[in-house]
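Here are a few friendly notes to read alongside the model. Please have it open as you go through them.

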Amino acid sequence: MIFNKTEIRVRYGETDQMGVVYHANYAVYFEVGRTEWLRQFGLSYSRMEAEGIMLPVISLNINYKNSARYDDVLKVKTTLKKMPTASIEFEYELVNQKGDLLATGQTTLAFINLERNRPTRCPKYLLDKLQKKSL
């Protein structure tokens with residue numbers, strides 16, 4: 001499926017006193033990957049919200065393998081799991097600069113119509129871009 005790779009450098013404020021990344025920051029790294037995944041299609045959360053679509057996370061799963069540390073350069077690979085419907089699913093792999101696998105994860109986000117505050121189908125403009133990319 002369609003994927004994106006993004007680099008992130010671990011900042012001091014993301015670590016504990018021993019220089020190890022706090023576990024909740026992995027979810028933030030996945031969000032950075034997801035945001036950059038959208039950007040490769042010329043899209044952003046702010047544009048989607050301006051067009052009346054919100055994408056809240058409805059499911060998050062993280063499997064920790066090794067610790068990320070202060071000043072590591074991380075690569076997050078974000079992969080679309082399947083073509084979106086009323087939700088969109090991503091898988092993640094997070095590795096450090098040595099190639100050590102640090103974490104894997106999955107998220108599911110729902111497409112929500114802001115005006116009605118109800119689930120809706122994936123916008124046609126996103127589906128069109130995804131179908132063009134997969135050809």
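**Notes on the model**

1. Let me begin with Thr120, which touches Ile53, Thr85, Ala86, Phe111, Ile112 and Asn113, leaving aside residues up to four places away in sequence (contact: heavy atoms within 4.5 Å). Thr120 sits in the loop between β8 (118-119) and α3. Thr120 counts as buried because its relative accessibility is 19% (buried: under 20% relative accessible area, 1.4 Å probe, protein chains only).

2. A word on the basis: this is a predicted model, where local features need pLDDT of at least 70 and side-chain atom pairs count only at pLDDT 80 or more, while totals for chains, interfaces and linings use all residues. Residues are numbered from 1 along each chain as its sequence is written, and side-chain values use heavy atoms, without hydrogens and water.

3. Next, the largest nonpolar core (buried Ala, Val, Leu, Ile, Met, Phe, Trp, Tyr and Cys joined through side-chain atoms within 4.5 Å). It has 31 residues, and Tyr26, Trp37, Ile88, Leu94 and Phe111 touch the most other members. The elements that each supply at least two of its residues include α1 (25-39) and β5 (87-95) (DSSP runs: helices H or I, at least four residues; strands E, at least two; numbered from the N terminus). With five residues, α1 gives the most to this core.

4. Trp37 deserves a look of its own. Leaving aside residues up to four places away in sequence, Trp37 touches Ile2, Phe3, Asn4, Thr78, Leu80, Ile88, Phe90 and Leu130.

Technical notes. Buried < 20%, exposed > 50% of the residue type's maximum accessible area, 1.4 Å probe, protein only.
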